Amino acid sequence: MTGTPKRATLNDIARRLGVSRAAVSFAMNDRPGVSEELRQRVRAMASEMHYRPNSAALALNGARVDVIGLALNRPARTLGTEAFFPELIAGIQAGLSETHTGLQTLMVTSLEEELDAYRAWHAMSRVDGVILIDPRRQDERTKLLGELDLAAVQIGSHPSTIASIPSVWIDDHAVATNLFTKLYTLGHRRIAHVMGPLDFEHTDLRRSALRECAARFDAEVPISVETDYSAEQAAAATRDLLHRGGSPTALVYDNDVMALAGLRVLQEEGVAVPREVSIASFDDSVAMRLVRPSITALTRDTYALGTLAARTLMQLIGTDDLVPSVAAEPPVLSVRESTAPCGPECADRQTQASKTSI
């Protein structure tokens with residue numbers, strides 16, 4: 001019985017060609033001292049023998065490994081249900097395919113675990129660079145990546161303030177202002193925001209946009225409820241908002257899964273959507289169009305966002321120059337059946353709510 005075939009080494013290539021190991025190493029690493037003819041012969045033999053450098057060798061000579069990393073800091077149960085992540089990953093892979101670069105994805109459960117992943121990837125030369133998602137207001141990750149000198153691009157809400165780490169960005173404050181303004185112009189004055197973790201920069205920008213819109217429309221200070229993006233916490237937050245004094249007449253959720261969970265709670269509680277309460281979401285998906293009522297949402301090309309992030313990172317990896325931040329295509333508001341003008345029943349809720357407080 002034969003075992004696993006032995007991995008080809010530089011010594012194996014040297015023996016097959018009848019040259020020294022040093023000559024093979026020089027040829028493989030584009031170093032001077034060997035002829036172009038020998039360089040071509042070495043590469044051809046390496047391809048024939050399916051030679052792949054090991055991690056230790058790459059760490060020593062600083063060669064590219066043609067892999068980038070993506071650490072996802074989310075509860076595992078949300079990754080299988082949110083449409084955003086599969087589309088983002090597919091877009092990243094499409095952007096990498098042009099350079100035959102692979103993607104290493106790692107799920108982490110905390111910021112500390114994510115930081116440890118970057119340290120390990122760098123120490124073992126596992127990746128050439130990383131894509132960051134969910135920038136934080138005080139982000140330890142960018143500081144660490146700068147210290148490690150590991151190439152990075154972040155998907156964020158504005159051009160990067162760190163020259164060495166460019167952003168692929170969408171103006172989350174402007175996008176949120178557009179959505180909340182739509183609801184206020186429909187006559188809603190009691191709007192609640194069921195959001196993700198407040199530590200994320202885009203969450204804070206959305207909350208700020210809601211408060212600014214409320215002030216502009218002379219409405220009372222709105223409430224924002226922090227969750228972990230899961231359907232369970234979104235459902236609990238929705239139920240709590242409905243049963244506390246002065247429930248809102250419009251609910252906005254930070255992703256599609258949360259919006260679907262909120263719709264389910266409203267239906268279970270016998271609240272008519274949108275006749276009594278309107279709902280909307282910052283993320284869109286096929287499910288949002290298939291439920292009844294279909295849910296108003298911000299529709300973005302997440303696939304294109306991932307592709308742009310991957311291409312920007314590959315540009316950064318391939319140069320010693322700084323790479324500028326680049327704006328991605330902003331989402332558009334897809335108005336559907338779940339939002340409507342604040343009619344008589346909605347107005348009654350607002351009248352009753354004015355006697356209490358959210």
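Are Cys 342 and Cys 346 buried or exposed? Both are buried, and the close-ups below, all taken from a predicted model, start with that pair.

**View 1. The disulfide between Cys 342 and Cys 346.** Here the two sulfurs sit 2.0 Å from each other, joined as a disulfide. The torsion about the S-S bond comes out at -95°, making the link of Cys 342 and Cys 346 left-handed. Go hunting through the whole structure and one disulfide is what you get.

**View 2. Cys 213, a cysteine too far from a partner to bond.** The closest cysteine sulfur to that of Cys 213 belongs to Cys 342, and it is 17 Å away, so a bond is out of reach. A disulfide is counted when the two sulfurs are within 2.5 Å. Cys 213 is buried as well, its relative accessible area being 1%.

**View 3. An open sheet of six strands.** Reading across, the order is β7-β6-β8-β9-β10-β12, and the pairing is mixed. The edges are taken by β7 (223-226) and β12 (332-334); each has a single partner strand, so one side of each has no neighbour in the sheet. On average, neighbouring strands of this sheet are turned by 20° against each other, direction ignored.

**View 4. Strands β6 and β8 side by side, with a helix across them.** Residues 191-195 (β6) and 250-253 (β8) pair in the parallel sense, with four bridges between the strands. Pick out Ala 192 and you'll find Leu 251 as its bridge partner in β8. Helix α12 (residues 256-268) lies across β6, β8 and β9 (278-281), and runs at about 165° to β9.

**View 5. The largest nonpolar core.** This one has 44 residues, and those with the most contacts inside it are Ile 68, Ile 92, Ile 131, Phe 180, Tyr 184, Ile 191 and Leu 313. Elements giving two or more residues to the core include β1 (67-73), α6 (84-97), β4 (151-156), α9 (172-185), α10 (201-216) and β8. The most comes from α14, with seven residues. Such a grouping is no surprise: in soluble globular proteins, nonpolar side chains tend to be buried together.

**View 6. The surroundings of Phe 180.** Setting aside neighbours within four places in sequence, Phe 180 is in contact with Ile 191, His 193, Arg 206, Ala 209, Leu 210, Cys 213, Val 252 and Phe 282. Cys 213, the buried cysteine of View 2, thus turns up again in this list. Apart from the largest core lies another, of 26 residues, among them Ala 234, Ala 235, Leu 263 and Val 273.

Conventions. Residues are numbered from 1 along each chain as its sequence is written. This is a predicted model: local features need pLDDT of at least 70, side-chain atom pairs count only at pLDDT 80 or more; totals for chains, interfaces and linings use all residues. Side-chain values use heavy atoms; hydrogens and water are left out. Two strands pair if DSSP finds at least two bridges between them. Axes are lines fitted to C-alpha atoms, for helices over the stretch in contact, and angles run from 0 to 180 degrees between N-to-C directions. Contact means heavy atoms within 4.5 Å. A nonpolar core is a set of buried Ala, Val, Leu, Ile, Met, Phe, Trp, Tyr and Cys residues joined through side-chain atoms within 4.5 Å. Buried means under 20% relative accessible area, exposed over 50%, partly exposed in between (1.4 Å probe, protein chains only).
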